[in-house]
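Student: I would be grateful for a close look at a single part of this structure, followed outward to whatever surrounds it. Please explain the reasoning at each step.

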Amino acid sequence: MDLIERLRAGLPDGALLTDPDVTGSYARDTANFCAAGTPAAVVLPRTVEQVQHVMRTATALRVPVVPQGARTGVSGAANAVDGCIVLSLVKMDRILEINPVDRIAVVEPGVINAVLSRAVAEQGLYYPPDPSSWEMCTIGGNIGTAAGGLCCVKYGVTAEYVLGLEVVLADGRLITTGRRTAKGVAGYDLTRLFVGSEGSLGVVVRATLALRPTPPQQLAMVAEFASVSAAGEAVCAIMAGGHTPSLLELMDRTSIRAVNAMAQMGLPETTEVLLLAAFDTPDPAADLAAVGALCEAAGATQIIPAEGAAESELLLQARRLAFPALERIRPAMLIDDVCVPRSQLAAMLDGTTAIAEKYDLTIGVCAHAGDGNTHPLVCFDPADPDEEQRARESFDEIMALGLRLGGTITGEHGVGVLKKDWLARELGPDGIELHRGIKQVFDPLGILNPGKLF
């Protein structure tokens with residue numbers, strides 16, 4: 001009760017939630033296999049000062065705090081721990097500035113990605129990071145997990161667009177990192193340190209983001225392949241040839257069939273791999289023709305270029321539907337996120353197929369082929385203990401496969417609870433020790449998002 005009364009003393013009506021039936025709905029993100037505790041309270045601040053009040057109270061009483069965005073994450077990074085304060089930042093949702101001259105936007109963490117994208121588009125500007133959940137996910141959550149998206153092959157991930165931050169530290173102090181200038185190298189790059197830290201170092205309350213001019217309308221094509229190796233060869237040829245597609249995506253046969261079953265899109269179910277490419281250059285048709293020739297040389301059985309923007313969007317919609325389509329196959333799905341060197345993409349897909357056969361599971365794979373970021377999606381029934389165990393074991397084998405191929409355990413989804421053991425394997429004991437030392441500097445009491453990352 002002391003915690004609740006202290007919190008209430010610095011918060012407006014409606015900002016503090018204590019009803020267990022309500023607070024329980026904030027306990028977790030969308031990840032499977034990730035434990036979640038029971039929060040003592042949920043706070044929905046609207047101002048920086050309210051966030052500072054929460055953190056000062058938490059420090060005084062040694063209470064853990066779990067920062068949250070829209071909880072669309074898939075790693076358990078936003079999951080509550082017992083007795084914590086869930087600090088949901090979704091009400092801090094103002095776009096504070098859009099500056100076409102400096103090409104920046106200044107936003108609060110609760111701004112929805114798609115809302116920002118549309119707002120800057122009205123001024124001829126472009127915010128490239130576009131996670132598949134862009135209609136729901138928040139900029140703060142994107143920063144916390146260093147989110148990616150379909151356009152990463154050309155434009156990069158969230159980290160490339162965060163110029164500066166305002167962050168409330170564990171003890172309630174407010175610091176400013178980074179800049180709003182086009183260039184700046186003063187001091188350590190603390191901004192990059194916070195990006196991808198999953199709320200374990202501080203609470204982001206404002207972000208200065210880089211923008212780009214709006215590119216031309218992209219034009220897409222799809223190439224069909226009878227083998228994974230041929231598709232992998234095509235990806236290597238495209239990237240080695242110096243091409244810069246705005247999108248280069250891959251779907252395996254399982255994903256194709258799932259999308260057809262859900263949306264009746266008429267995708268070719270006899271093919272092993274679909275490769276989708278798009279260009280937003282001044283002459284996208286010429287670029288697509290060049291890439292199409294490379295795909296044919298690698299063994300593509302058919303090349304289908306879109307005739308315009310509407311047909312291009314239809315092709316890309318098939319890729320966006322892969323996740324929800326595969327979710328329909330079994331009652332639950334484990335969304336994996338392993339990034340390998342482009343040259344190892346085919347080996348990653350073949351290895352995942354072998355793992356699916358070994359464990360008698362449906363594992364569909366779609367991928368950001370242009371940067372080697374694969375998403376093996378393990379479909380299973382949690383009501384079947386044997387099948388759930390096989391899903392867990394297959395997940396571990398996929399992680400191990402990615403590391404053996406010279407990759408990383410996550411390219412854009414983050415570590416959270418789901419992959420903390422695997423982070424330790426990837427970084428090694430010295431790397432983990434350094435991470436813990438950094439955490440100690442920013443959060444000496446260990447109250448910020450405990451139990452995540454490491």
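Tutor: One term is needed at the outset: two parts are in contact when heavy atoms of each lie within 4.5 Å. The model is a predicted one, and the part chosen here is helix 14 with its surroundings.

Helix 14 covers residues 385-404, which makes 20 residues. From its first C-alpha to its last it reaches 29 Å, close to the 28 Å expected at 1.5 Å a residue. Its buried residues are Glu-387, Glu-388, Arg-390, Ala-391, Ser-394, Phe-395, Ile-398, Met-399, Leu-401 and Gly-402. A general point helps in reading such a list: an α-helix has 3.6 residues a turn, so residues three or four places apart point the same way. The cover over the buried residues of helix 14 includes strand 16 (332-335), strand 17 (338-339), helix 13 (345-359), strand 18, strand 19 and helix 15. A further residue with a number in this range, Arg-392, lies over the face of Phe-33, at 4.0 Å from the ring centre.

Among the covering elements, strand 18 deserves attention. Strand 18 spans residues 362-368, and six of its seven residues are buried. Strand 18 is paired with strand 19 (residues 373-380) in the antiparallel sense, over seven bridges. Within that pairing, Cys-366 stands opposite His-375 of strand 19. Four residues lie between the two strands of this hairpin, and Gly-372 takes a positive phi near 75° there. Strand 18 is also joined to strand 13 (residues 247-252), by two bridges, and these strands too run antiparallel. Here Cys-366 appears again, as the bridge partner of Met-251. Cys-366 thus has a partner in the bridge with Met-251 and stands opposite His-375. As a general rule, in a regular strand the side chains alternate between the two faces of the sheet.

Helix 15, also part of the cover over helix 14, leads to an aromatic contact. The structure holds four aromatic pairs. In general, a pair of aromatic rings is described by the distance of the centres and the angle of the planes. The rings of Tyr-126 and Tyr-155 have centres 5.3 Å apart and planes at 85°, and an angle over 60 degrees counts as edge-to-face, so this pair is edge-to-face. Tyr-126 belongs to strand 7 (residues 125-126) and Tyr-155 to helix 6 (residues 152-155), so the pair ties together parts that are 29 residues apart in sequence. Tyr-155 is buried, with a relative accessible area of 8%, whereas Tyr-126, at 21% relative accessibility, counts as partly exposed. The cut-off explains the two labels, because buried means under 20% relative accessible area.

The pair that involves helix 15 is formed by Phe-194 and Phe-442. These rings are likewise edge-to-face, with 5.3 Å centre to centre and 80° between the planes. Phe-194 lies in helix 7 (residues 190-194) and Phe-442 in helix 15 (residues 420-442), so this pair ties together parts that are 248 residues apart in sequence. Both Phe-194 and Phe-442 are buried.

In summary, helix 14 has buried residues whose cover includes strand 18, strand 19 and helix 15. Strand 18 pairs with strand 19 and with strand 13, while helix 15 holds Phe-442, the partner of Phe-194 in helix 7.

Technical notes. Residues are numbered from 1 along each chain as its sequence is written. This is a predicted model: local features need pLDDT of at least 70, side-chain atom pairs count only at pLDDT 80 or more; totals for chains, interfaces and linings use all residues. Side-chain values use heavy atoms; hydrogens and water are left out. Buried means under 20% relative accessible area, exposed over 50%, partly exposed in between (1.4 Å probe, protein chains only). Two strands pair if DSSP finds at least two bridges between them. Rings of Phe, Tyr and Trp (its six-membered ring) pair if their centres lie within 6.5 Å; planes under 30 degrees apart count as stacked, over 60 as edge-to-face and the rest as tilted. A charge sits over a ring if NZ of Lys or CZ of Arg is within 6 Å of the ring centre and within 35 degrees of the ring normal. The expected span of a helix is 1.5 Å times one less than its number of residues.
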